[in-house]
Amino acid sequence: MGTATIDRVSPDRTDARPQDASHGGGSIDVLFAVSPSNARSVYMPFYFLYLAGYVEKYGITCEIANPHFHTEKENRDAILEEIARLKPRWVGLASFCTDYAVVSDLAFAIKKRFPAVKIVVGNAQPSVNPADFLYEGGPFDIVVRGEGELTLRDIIETDKAGKDVTRITGIAYLENGKVVQSPTRELMDLKDCGQPAYHKIDVSWYAHVNKYLLRRIPTSCGVIFTGRGCPFECGFCAANAVWQANSSDATRAPKARWRPLEHVMAELHDFEKVHRFDFFYILDDVFGLTEDEIRAFCAAYKKSGLKMLWGAETRVNCVRNLEILKVMKDAGCIQLDFGIESGSPKMLKIVNKGITVDQTYRAFELCKKAGIRTFANILLNLPEESEEDLELTHRLLEKVNPTYVSVGVTQPYPGTEFYHRYAKNIPKEDYSKLSRILPPEEFRLAAHKLNLQTLMVDWMWRYRIDTFFERGLLTAPWIYWRKIVSSSKRLAYLRYFLRDFVRSPVHYIVREYFPSQVMDLARQSVHSIGSF
Ligand code: B12
Ligand code: SF4
């Protein structure tokens, strides 16, 4: 711990001023900079934590600029100051499609002020469409496609040795005005991956109580990955495109890999003993692809003696029987999140979800029997969706009665099957419109004519707030309360409950008596959902 990071410029901390160059002030190899639009996300920048953890093992010096100011401008300025202070040779940026404009603006600002700094960009959007980042006069020097650890290390070591970085596999670059992609790099063995570099950020900032991680119940919660990749191919998801961008087409490298359990347990140990999290959430693309994986994880966790409660993201076809759910519950699992998407068999087929409505019934019934909370993710605006399809989803939800429902509006993100099939070429200038909260009509996939924004708000209210009080709290199991009472952060929890106690009735009254204002409320909250 203790390395100076830009977390020190968080406005919420009393020692919140940038450091001067007194720590040495020399240049470092790479500074990773979190997108100014993600500065207040409850999710840590996992991509940079993994990259930093890996390259550091090989003597590459790096830091993570992770400011937490409220405005994008403040965050951008803080990052620029951090570059001035640390003088990195490379700056690493990460971009989704939705923050493409923000990340591009940051890159231009970096190049303008520090023309000698080289910029490497990775993550979902550069992986699925490197050309968005490589054009004449553009600020990005190299795109890393897919899994980044091996490629980034190669880039920095090759560059340091004064050799030609364009020979490296897994990248894209601009040559004579044309985008050139080098051969795809093999996926790494996750035992070489090592631990995320938590010492590079202020983890305590992420340990604040919030209800967005273990969804809808207030927790101080760490997020962990036990593996990478997913063998399914849902039409709305670019996960395969991201990870396959790194696998050889000829060998069809395995799409799902697991970290060694001892690495996972060591990370969980630090979650509880060092960072004082009370809960953790497994954010694998799909947790529990095989029953063996679940059993091994639960056995190792029980053996570790750690006491955090946890939840995970999985699929209804991975919930195979009551016995395996009991094993999970016995190991501290309190909630499972499922992408059930729709109650219409026709929609499930179009989505290529690989699940049936019956499997959803069964999975929810088994969870209920086992006493595990259920979180159902629903998608509206699926291709060719009719009002009858929506009705079937209502019926499914009424029947399975999830503990909590989350509703999203399908968007044709680049890299997805839906993008190729329905969206064709969305100009990169329009990526920021790909919003699931306030979806624009131009990305309508549904056949019905219902207004997408109103539909979204209607469903959100119908399933999210049923009562005068935050439903998440009312449905929390007793082991949750036991955990809260025994937590060293019990006062922080109390403050959070009191805040929700006041907020929820206010939201309820607004919904009941000021329906036309509800849309405005949704508009205003779009940037704060899932943020501190
Ligand atoms: C977890 C997750 C989230 C989390 C956390 C995000 C976070 N902090 O990373 C939350 C819930 C916040 C989230 C939100 C959204 N997400 Co999301 N998310 C994911 C998910 C499931 C896993 C990402 C992850 O953390 N993987 C583990 C880490 C270690 O891997 P990684 O991030 O890919 O990083 C590796 C490589 O990409 C590469 N790399 C990444 N960055 C960099 C940078 C450099 C310099 C280098 C060299 C390499 C590199 O190296 C890393 C290590 O190998 C992916 C699906 C998937 N499986 O990829 C979707 C995914 C990335 N999300 C997606 C989308 C669309 C969104 C939203 C826009 C959805 C929405 N409208 O609300 C928002 C955008 C929020 C934002 N502006 O940041 C899309 C992206 C599509 C696209 N073309 O951009 C994906 C692919 C899923 C999908 N629907 O298709 N997401
Ligand atoms: S939505 Fe989940 S199950 Fe479907 S392809 Fe993406 S990661 Fe895999």
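Here is a short conversation about the two ligand sites and three helix pairs of a predicted model.

Biologist: Hello! Which ground rules should I keep in mind?

Modeller: Residues are numbered from 1 along each chain as its sequence is written, while chains are lettered from A and ligands numbered from 1 in written order. In this predicted model, local features need pLDDT of at least 70 and side-chain atom pairs count only at pLDDT 80 or more, whereas totals for chains, interfaces and linings use all residues.

Biologist: Where does ligand 1 lie with respect to the domains?

Modeller: Its shell holds 42 residues, counting a residue as near if its C-beta atom, placed from the backbone, lies within 6 Å. Domain bounds come from an automatic or database domain assignment. Both domain 1 (28–181) and domain 2 (207–529) give residues to this shell, so ligand 1 lies between them.

Biologist: And which residues of that shell are the closest to ligand 1?

Modeller: Helices and strands here are DSSP runs, numbered from the N terminus (helices H or I, at least four residues; strands E, at least two). Among the elements that each supply at least two shell residues are helix H1 (46–56), strand E3 (90–94) and helix H5 (149–160). The closest residues are Tyr47, Gly92, Gly122, Gly148 and Ala238.

Biologist: How many charged residues does the shell around ligand 2 have?

Modeller: Asp, Glu, Lys and Arg count as charged; Ala, Val, Leu, Ile, Met, Phe, Trp, Tyr, Cys and Pro as nonpolar; and the others, Gly among them, as polar. The residues around ligand 2 include Cys230, Cys234, Cys237 and Asn240, together with Glu233, Asp285 and Arg315. Six of the shell residues are nonpolar and two polar, and the charged ones number three.

Biologist: Now the helices: how are H8 and H9 oriented to each other?

Modeller: Axes are lines fitted to C-alpha atoms over the stretch in contact, with angles from 0 to 180 degrees between N-to-C directions. Those of H8 (residues 261–273) and H9 (residues 291–304) come within 10 Å and cross at roughly 45 degrees. Under 35 degrees counts as roughly parallel, over 145 as roughly antiparallel, 65 to 115 as roughly perpendicular and the rest as oblique. H8 is therefore, relative to H9, oblique.

Biologist: Which residues of H12 meet H10?

Modeller: H10 (residues 322–330) and H12 (residues 357–370) pack at about 50 degrees, with axes 9 Å apart. Contact requires C-beta atoms, placed from the backbone, within 7 Å. Leu322, Leu325, Lys326 and Lys329 of H10 meet, in H12, Leu366, Cys367, Lys369 and Ala370.

Biologist: Finally, how many nonpolar residues are in the contact of H2 with H3?

Modeller: The axes of H2 (residues 72–86) and H3 (residues 100–113) are 11 Å apart, at about 35 degrees. Ile79, Leu80 and Ile83 are among the H2 residues in the contact, and Leu106 and Ile110 among those of H3. No polar and three charged residues take part, and the nonpolar count is seven.

Conventions: Two residues are in contact if their C-beta atoms, placed from the backbone, lie within 7 Å.
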